[in-house]
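Got your viewer open? Let's take a short tour, one selection at a time.

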Amino acid sequence: MNRLHPIITIAKREISGYFASPVAFVFIVIFLLLTGFFTFMVSGFFDRGEATLDSFFAWHPWLYLFLVPAVGMRMWSEERRLGTIELLLTMPVTPWQAIVGKFLASWAIVGLALLLTFPVVLTVNYLGRPDNGVIVAGYLGSLLMAGAYLSISAMTSALTRNQVVSFIVAVLLSLFLILAGWPPVTNLLVRWASPWLVDGVAAFSVMTHFEGIQKGVLDSRDVLYFLSVMAFALFTTGVILRAHRAG
Amino acid sequence: MMLLSVTAMFTTWTPIRRGCDATFLYEISCTRRQKTESRFPLEILLGLNIGFTMIEVRNLSKNFGPKVAVRDVSFTVGKGEVLGFLGPNGAGKSTTMRMITGFIPPSEGQIRIGDHDMLTDPIPAKRLIGYLPENAPSYADMTVGGFLDFAAELRGLSGAARKSAVSRAIETCFLESVVHQSVETLSKGYRHRTCFAQSIIHDPEVLVLDEPTDGLDPNQKHEVRTLIRRMGEKKAIIFSTHILEEVEAVCSRAIIIDRGQIVANGTPQELKQRSPHAGAVTLRFSGGGVVADAKRKVNEVSSVEKTEVVSETPLVLRAYPKGHFTGDELARALGELAAKERWQIQELRVEEGRLDEVFRSITLPDRANGKEARP
């Protein structure tokens, strides 16, 4: 049997699970409301008079900080709470197929929410002549960043059967990934620490890499960064699950 | 169960039992017993692949930190065998089953399912197994049909094969009325059967059932037992239970596990032999009148070790055989005595022993003083 088949089966079930509970709807609606509010009200999209989506993408790292762990928190903790993890992992599937399948499903939910922000693209195209290549890069970067956050949520949800604990730990870890490269924090650190250390820590931050892509520079290093965060976090998820099973 | 059925038979014989010869009654109970034991030869004649080892567990151990959950457990289960897994709570039944199904890696030991090693070759091994975990978990947000469809798809079934597998499982587990209902709205019995349906969806050769009748009502229990017994003719089945009559009703073999170790392994009949009462002969006198000197006379029979009075009115005596004498020999001697003394005997029975007594005497060695346990 095809190795991808179980991944697709698990992902399909996961997605239907998201829509059977209100999680997916609530996430999508809140994400759309908040992006709209911050882009148009707080950042003053119209007042700027620029044909860019900078004010739209700038909020994504912060919105994802709370919204993505809310999507990912149930990924494994729910399986552990219900005991279905015992069913799933005694099926003829490997743990990594289950991990990837579940991860892809939640990523698809976040991707769907992101896709539904298309009116903002239409608006900016109606009002001016934006560089649509930059916008596409911005969306791609945003999706990669969401994936990185989500993989961290997957990891923390494997740690506990309690969704709230899973959520809080995921937010804290993601917050670290933001702050490590956020200018107000790095500017503060430069006064005490040597610049190479600050840069080294900042290299671990999503901010540094997201800003690069958001400006339209699709550097392979930035893409590789997000992919390696995902790979590392999902690999750790597997280690945690195995340790949990071994007792 | 055996004991019950024998007693039940005597109840049905009520109209003609008066004045009936005691030995005759005893012979009836004997024939009845032998009849139920001859189950295997028929199946072998039918050409089923009986006895082919499907589950082989060797020197299995599991430690959780310093706590030893399972210690050096070995056994095999062949095709056509239903193995009952008995033991007090926390004895290591579920842990053993989780290791067999590949959910928990063992600390030591080997597990073979069919031709595959669970530890080095888990996917083909898992394909052969159907598993009902403890508490029968299922995805609460799915419908019964959706859940079974998902299970079938993960089992590699597709298209028409999947459809027929799902409908067969629904039919077998009597789930037709709730197919479109979501699992979280179901009663415990239905949830249980939903998970059970999942375990048989791919018609596996090996079934591992952790407390399959837990939380079911008596009718459902009966149905599940019948189902297990029927499937046990072609599959290798392990199931754990607290209910001892279930073991007698369903199992071809039983293992008693205590504190992580196997303490008994045999057919239910063999296990019952280890009961303190096994081999004793019970003599029930008819009518209310106390037969004078009955106890003394029984005690004087050469093959009687000791006699105890179980009840005064009606008088019921229990005689234990001496030394190498078997229960059958003792019963014959007592039957002759009863005929000679012209006692009105309502019942003369060789005790087969009771599984719950065996269970208690084996799994409670601390409390066992001469009365409870017999070596």
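Start by selecting Gly216(A), which follows helix H14 of chain A and has a positive phi, near 100 degrees. Helices here are DSSP runs (H or I, at least four residues), just as strands are runs of E with at least two, and they are numbered from the N terminus. A quick note before moving on: this is a predicted model, so local features need pLDDT of at least 70 and side-chain atom pairs count only at pLDDT 80 or more, while totals for chains, interfaces and linings use all residues. Residues are numbered from 1 along each chain as its sequence is written, and chains are lettered from A and ligands numbered from 1 in the order in which they are written.

Now step back into H14(A) itself, residues 206-214. Which of its residues are buried? Pick out Val206(A), His209(A), Phe210(A), Ile213(A) and Gln214(A). Look down the helix axis: these residues fall within an arc of 135 degrees, so they line one face of the helix. (The arc is that of the directions from the helix axis to the C-beta atoms.) "Buried" means that 20 or more other C-beta atoms lie within 10 Å of a residue's own; 12 or fewer makes it exposed, anything in between partly exposed, and the C-beta atoms are placed from the backbone.

What do those buried residues pack against? Colour helices H4 (54-57), H5 (60-72), H10, H11 (163-179) and H15 (220-246) of chain A to see.

Next, select Leu159(A), which sits in helix H10 (residues 132-159). Leu159(A) counts as buried because 20 other C-beta atoms lie within 10 Å. Leaving out residues up to four places away in sequence, Leu159(A) touches Ser166(A), Val169(A) and Ile240(A). Contact means C-beta atoms, placed from the backbone, within 7 Å. Try a distance too: Ser77(A) is 82 residues from Leu159(A) in sequence, yet 7.5 Å away in space, C-alpha to C-alpha.

Time to bring in chain B. Here 21 residues of chain A are in contact with 23 residues of chain B. On chain A's side, the elements giving two or more residues are helix H1 (4-20), helix H7 (84-88) and H15. H1(A) provides the largest share, 5 residues.

Last stop: colour chain B by pLDDT, the predictor's confidence in each residue, from 0 to 100. Chain B has a mean of 79, with 82% of its residues at 70 or more. Where does pLDDT stay under 50? One such stretch is residues 1-45 of chain B, and residues 367-375 of chain B stay under 50 as well.

Conventions: Contact = placed C-beta atoms within 7 Å.
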